[in-house]
Amino acid sequence: MKKILIIDDDVDIIDLVENRLKKNNYNVIFSNDGDNGFKKAIQEKPDLIIMDIMMPRMPGGEAVKLLKSNESTKNIPVLFFTAMNTYLPKGSTFNQINVDGKLYPAIGKPFEPNTLLSTLKSLLGE
């Protein structure tokens, strides 16, 4: 069973995504901010990380920089999850976000559950 780490400060979003993923046979762990999410990624070694952009203590972009500079987490795929429409084209549910010159896949909030699942499967090679 693949392990997914959700890093998001919105408890309702975590609950919604967690329920959807568990119904599709994923093991789900979560964190409410980038700093703790980074620490949890090192401890738990998830197969994929779903990362919010705007969070307290450490924004998603900064957390990804740490993850990608750490030997034990640098190869974990990251999917950004954002309600910030300025990052995604109007009407888009999927795009990419640039962090230090590297593009990462992104899904806008609110999200279409099937888009989330198909994107996760693609990133996990399923």
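Helices (H or I, at least four residues) and strands (E, at least two) are DSSP runs, numbered from the N terminus. The model is predicted: local features need pLDDT of at least 70, side-chain atom pairs count only at pLDDT 80 or more, and totals for chains, interfaces and linings use all residues. Residues are numbered from 1 along each chain as its sequence is written, and side-chain values use heavy atoms, with hydrogens and water left out.

**Exercise 1.** Describe the two ends of helix α1, residues 11-23.

Solution. Step 1: at the start of α1, a side-chain oxygen of Asp10 comes to within 2.9 Å of the backbone nitrogen of Asp12. Step 2: after α1 comes Asn25, with a positive phi near 65°.

**Exercise 2.** Find which residues of α1 are buried (under 20% relative accessible area, 1.4 Å probe, protein chains only; exposed is over 50%, partly exposed in between).

Solution. Step 1: Ile13, Ile14, Val17, Glu18 and Leu21 are the buried residues of α1. Step 2: they lie on the same side of α1 because they cover an arc of only 125° around the axis (taken from the directions from the helix axis to the C-beta atoms). Step 3: on the other side, Asp12 and Lys23 are exposed. Step 4: the buried residues pack against β1 (3-7), β2 (27-31), β3 (48-52), β4 (78-82) and α4 (113-124).

**Exercise 3.** Leaving aside neighbours within four places in sequence, list the residues in contact (heavy atoms within 4.5 Å) with Val78.

Solution. With those neighbours left aside, the residues in contact with Val78 are Ile49, Met51, Val64, Lys68, Tyr104 and Pro105.

Definitions and conventions. Polar contact = N/O pair within 3.5 Å; in protein donor to acceptor, adjacent residues only side chain to side chain.
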